[in-house]
Amino acid sequence: MRPGHYLIGSVLVALGCAAADHPDPDAPARGELVVAPRLDPPPARRGALEREDVLALARSHADPADAIAALDVRRFGFPLDDDALDWFGQQGVDPAVMDYLVKRARVDWDALRGDVDPDGPY
């Protein structure tokens, strides 16, 4: 090991010891179980998209990643079931967007909403 490594190690040990002498007063005690509060989901920020809205939004972006990002922050006002997925496939939706829709169909959208600032950018 080079001599410079000893110096760096010594400094890190000293900093660690100094930090241990001044514990965070807001930190939970060792062994204390901390549970996040149960939060109610916020109200939907915007109206739900219908099939035609999803199709229009998907087609309005040249980059599929941009279309997916725009779709990912909106609720759908229709069940994203096999019939809907077939319909989107027949409309010629980009394969990347189609893959997103297939994956989204498997997720309980309402369960993911969590604690989100309704005045946030999305």
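In what order do the elements of the protein run from the N terminus on? Colour the chain by secondary structure and read along: α-α-α-α-α. That is five helices and zero strands. Keep in mind that you're looking at a predicted model.

**Stop 1: the whole chain**

Switch on the surface before zooming in. The accessible surface comes to about 9200 Å², and carbon and sulfur atoms own 56% of it. Of the 122 residues in the protein, 19% are buried. Now think about contacts: among those between residues at least 6 apart in sequence, 75% join residues at least 24 apart.

**Stop 2: helix 2**

Select residues 51-59, which is helix 2. Show side chains for Val-54, Leu-55, Leu-57 and Ala-58, the buried residues of this helix. Look down the axis of helix 2: its buried residues fall within an arc of 165°, so they line one face of the helix. Spin to the other side of helix 2 and you'll find Glu-52 and Arg-59, both exposed.

What covers the buried residues of helix 2? The cover includes helix 3 (64-72), helix 4 and helix 5. Hang on to Ala-58, as we'll use it for a couple of distances later.

**Stop 3: helix 4**

Next, select 82-90 for helix 4. Its buried residues are Ala-84, Leu-85, Trp-87 and Phe-88. They sit on the same side of helix 4, because they cover an arc of only 160° around the axis. If you want the geometry behind that sort of pattern, an α-helix has 3.6 residues a turn, so residues three or four places apart point the same way.

Turn to the face of helix 4 that points away from its buried side and you get the exposed residues Asp-82, Asp-83 and Gln-90. The buried residues of helix 4, meanwhile, pack against helix 2 and helix 5. Just past the helix, click on Gly-92: it follows helix 4 and has a positive phi, near 80°.

**Stop 4: the loop and Val-93**

Val-93 lies in the loop between helix 4 and helix 5. Is Val-93 buried or exposed? With a relative accessible area of 13%, Val-93 is buried, since the cut-off for buried is under 20%. Beyond residues up to four places away in sequence, Val-93 touches Leu-55, Phe-88 and Met-98. Draw a C-alpha distance from Val-93 to Ala-58: the two are 35 residues apart along the chain, and the separation is 7.3 Å.

**Stop 5: helix 4 against helix 5**

Add residues 95-105, helix 5, to your selection. How do helix 4 and helix 5 pack? Their axes are 11 Å apart, at an angle of about 175°. Helix 4 and helix 5 are therefore roughly antiparallel to each other. Helix 4 brings Leu-85, Phe-88 and Gly-89 to this contact, while helix 5 brings Met-98, Leu-101, Val-102 and Ala-105. Colour that set by class and you'll see six nonpolar residues, one polar and no charged.

**Last stop: Met-98**

Finish on Met-98, in helix 5. Met-98 is buried, with a relative accessible area of 17%. Which residues is Met-98 in contact with, leaving aside its neighbours within four places in sequence? They are Leu-85, Phe-88, Gly-89 and Val-93. For a final distance, go back to Ala-58: its C-alpha is 9.6 Å from that of Met-98, and the pair is 40 residues apart along the chain.

Note on methods. Residues numbered from 1 in each chain as written. Predicted model: local features only at pLDDT ≥ 70, side-chain atom pairs only at ≥ 80, totals over all residues. Heavy atoms only, no water. Helix = DSSP H or I, 4+ residues; strand = E, 2+ residues; numbered from the N terminus. Buried < 20%, exposed > 50% of the residue type's maximum accessible area, 1.4 Å probe, protein only. Contact = heavy atoms within 4.5 Å. Axes fitted to C-alpha atoms, helices over the stretch in contact; angles between N-to-C directions. Parallel < 35°, antiparallel > 145°, perpendicular 65-115°, else oblique. Nonpolar A, V, L, I, M, F, W, Y, C, P; charged D, E, K, R; others polar. Areas by Shrake-Rupley, 256 points an atom, 1.4 Å probe, with all protein chains shown as cover. Arc of directions from axis to C-beta.
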